[in-house]
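Work through the exercises below with the model open beside you. Try each task before you read its solution.

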Amino acid sequence: MRLAGPVRIIVVLLTVGLTWILAGIILGTQNGFPRLQQIMGGSDMISTADPRPRKYKCGLPQPCPEKHFAFRVVSGAANVIGPKICFEDKMVMSSVQNNVGRGLNIALVNGTSPSYHLYNMGLFIYSDVSELLNFLRPIHEGTLVLLASSDDPATKMNEDARKMFNELGSSSAKEVAFRDSWVFVGAKGVQDKSPFEQLIKNSKSSNKYEGWPEAVELEGCVPQRTLDVE
């Protein structure tokens with residue numbers, strides 16, 4: 001009878017030990033507490049790393065190479081999304097700035113200098129297409145043209161206007177039609193067609209907002225323009 005007490009103690013210790021080992025195996029550690037603490041949200045196990053991906057100028061996922069400008073252009077969509085033009089991390093045209101609206105929203109940038117200069121902006125609703133032509137004709141060689149449509153970019157666009165955009169590097173100007181969503185980045189004096197252009201056609205079968213297609217977004221890095229010096 002005197003052995004009953006020590007035996008009970010030994011049995012209890014063995015049970016506790018086996019339970020401890022089993023818990024360690026199940027939880028993947030020799031000591032079960034760290035994993036339990038992690039599961040229960042212990043403060044010393046919380047990661048301090050920021051899970052959000054880093055964003056660069058104008059929200060681009062990667063930085064632009066040297067001698068390139070970052071941009072993001074977004075067309076308007078019905079009365080749901082307003083047009084936006086961001087250049088080198090500056091929102092130059094948007095609803096917040098109260099300088100955008102229906103028609104063509106255009107920003108002109110001196111793209112020949114490392115320290116770019118935004119020197120003109122315009123909104124053209126086409127009460128008179130000559131206003132658009134007078135705005136674009138005087139621009140100098142190397143000028144970057146950033147365009148974001150809203151609502152309707154083309155009702156009053158004539159052949160002269162389409163030809164002018166074509167000369168700036170557009171491949172879609174000739175087919176832009178009523179209520180299409182159009183974004184474009186070109187330049188005065190380009191030799192080839194611009195790679196920076198997107199067009200979504202107004203179509204009853206695919207429109208996102210009844211009589212309007214969805215907004216179209218364009219982002220990237222446009223190279224700084226260089227002028228030949230004779």
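**Exercise 1. The main core**

Which residues have the most contacts inside the largest nonpolar core, and how many residues does this core have?

*Solution.* Begin with the ground rules. This is a predicted model, where local features need pLDDT of at least 70 and side-chain atom pairs count only at pLDDT 80 or more, while totals for chains, interfaces and linings use all residues. Residues are numbered from 1 along each chain as its sequence is written, and side-chain values use heavy atoms, leaving out hydrogens and water.

Step 1: fix the term. A nonpolar core is a set of buried Ala, Val, Leu, Ile, Met, Phe, Trp, Tyr and Cys residues joined through side-chain atoms within 4.5 Å. Buried means under 20% relative accessible area, exposed over 50%, and partly exposed in between (1.4 Å probe, protein chains only).

Step 2: read off the core. The largest one has 22 residues, and L104, I106, L132, L136, F165 and W182 have the most contacts inside it.

Step 3: assign elements. β4, α3, β6, α4 and β7 (181–187) each give two or more residues to this core. The top contributor is α3, with five residues.

Step 4: look for another core. A second, separate core has 20 residues, among them V92, M93, A107 and L146.

**Exercise 2. One helix in its surroundings**

List the buried residues of helix α3, then find what covers them.

*Solution.* Step 1: helix α3 spans residues 129–136, and its buried residues are V129, L132, L133, F135 and L136.

Step 2: look down the axis. The buried residues of α3 fall within an arc of 160 degrees, so they line one face of the helix. The arc is taken over the directions from the helix axis to the C-beta atoms.

Step 3: find the cover. It includes β4 (103–110), β5 (117–124), β6 (143–150) and α4 (159–167).

**Exercise 3. The disulfides**

Find each disulfide, its handedness and its place in the chain.

*Solution.* Step 1: search for pairs of cysteine sulfur atoms within 2.5 Å, the criterion for a disulfide. The whole structure yields two.

Step 2: take C58 and C86, joined with S to S at 2.1 Å. The angle about the S-S bond is -85 degrees, and the link is left-handed. C58 sits in the loop between α2 (32–39) and β1 (68–74), while C86 lies in strand β2 (residues 84–87), 28 residues apart. Both C58 and C86 are buried.

Step 3: take C64 and C221, also with S to S at 2.1 Å. The torsion about this S-S bond is about -85 degrees, so the disulfide is left-handed. C64 is in the loop between α2 and β1, and C221 is in strand β9 (residues 217–223), 157 residues apart. C64 has 22% relative accessibility, so it counts as partly exposed. C221, at 21%, counts as partly exposed too.

Step 4: number the bonded cysteines in sequence order. The pairing is 1-3, 2-4.

**Exercise 4. Overall layout and confidence**

State the element order, then say where the pLDDT is below 50.

*Solution.* Step 1: count four helices and nine strands. Helices (H or I, at least four residues) and strands (E, at least two) are DSSP runs, numbered from the N terminus. The order is α-α-β-β-β-β-β-α-β-α-β-β-β.

Step 2: check burial. Of the 230 residues, 37% are buried.

Step 3: check pLDDT, the predictor's confidence in each residue, from 0 to 100. The mean is 83, and 76% of residues reach 70 or more. Residues 29–47 have pLDDT below 50; beyond near neighbours in sequence, this stretch has 16 contacts (heavy atoms within 4.5 Å) in the model.
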